[in-house]
Amino acid sequence: AQTVPQQAVSGGLKLTPIQRAFFTNEQEMDHNNLSFLLTAPDAFEASHLRQFVSIIVERHDSLRLNFSKGQDGRWLGHYQPLTESLTNNMVEVVQGSHLQPDVTSLADQFQRTLNIVQGQLCKFVLFELSDGSKQLLLILHHLIVDGLSLRILVNDLQRLWQSSRENTPVALAAKSTSFQQ
């Protein structure tokens with residue numbers, strides 16, 4: 001079995017065939033997203049989300065991608081450095097939303113904030129509702145995630161929450177092959 005490096009990937013990215021096909025139609029490129037709304041446990045706090053997003057972004061390099069056009073007109077991918085600022089910009093906390101219509105309206109607004117050139121390809125939004133319940137919205141661009149990888153991210157979030165709740169060491173699977181590899 002091939003050993004996969006566990007450090008953060010850096011540098012350029014050779015686009016996959018599906019990514020190249022995506023860039024042939026440059027209309028509404030920023031808003032081709034997968035979103036997933038989860039019910040969060042009452043004890044789940046913004047500090048948990050920030051900590052978990054930092055861990056997830058460190059292990060899933062594609063969450064740090066941005067894209068730009070080269071001088072030849074072809075689109076290129078690039079891994080942004082892993083910084084606290086990068087991960088902090090991925091997290092939003094909304095307090096006091098009243099009902100589901102508020103969450104739906106705000107979710108639409110957050111989906112419009114993604115920008116593939118600026119490297120804003122994902123957003124994790126914690127809604128702290130006025131009734132005390134919490135919901136977690138994951139918004140991820142199709143350039144960096146598909147249905148299977150979304151399940152992996154959700155599973156990682158669940159494992160991180162369980163480890164935090166049980167005060168046990170984080171036990172996530174090893175990194176797999178990146179787009180770059």
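**View 1. E45 and K134, a salt bridge across the chain.** E45 is partly exposed, because its relative accessibility is 35% (partly exposed lies between buried, under 20% relative accessible area, and exposed, over 50%, using a 1.4 Å probe and protein chains only). K134, at 8% relative accessibility, counts as buried. The two form a salt bridge, with the closest N and O atoms 3.3 Å apart (that's a side-chain nitrogen of Lys or Arg within 4 Å of a carboxyl oxygen of Asp or Glu). The partners sit 89 residues apart: E45 is in the loop between strand 2 (33–40) and helix 2 (46–59), K134 in strand 7 (residues 134–141). Helices (H or I, at least four residues) and strands (E, at least two) are DSSP runs, numbered from the N terminus. A quick heads-up: this is a predicted model, where local features need pLDDT of at least 70 and side-chain atom pairs count only at pLDDT 80 or more, while totals for chains, interfaces and linings use all residues. Residues are numbered from 1 along each chain as its sequence is written, and side-chain values use heavy atoms, leaving out hydrogens and water.

**View 2. E128, buried without a salt bridge.** So what does the side chain of E128 make a polar contact with? It's the side chain of Q95, at 2.9 Å (a polar contact is a pair of N or O atoms within 3.5 Å; within protein, one must be able to donate a hydrogen and the other to accept it, and residues adjacent in sequence count only if both atoms are side-chain atoms). K134 is the nearest side chain of opposite charge to E128, 4.4 Å away.

**View 3. R64 and D61, both buried.** These two are buried, and their salt bridge has its closest N and O atoms 2.8 Å apart.

Note on methods
Lys, Arg positive; Asp, Glu negative; His and termini not counted.
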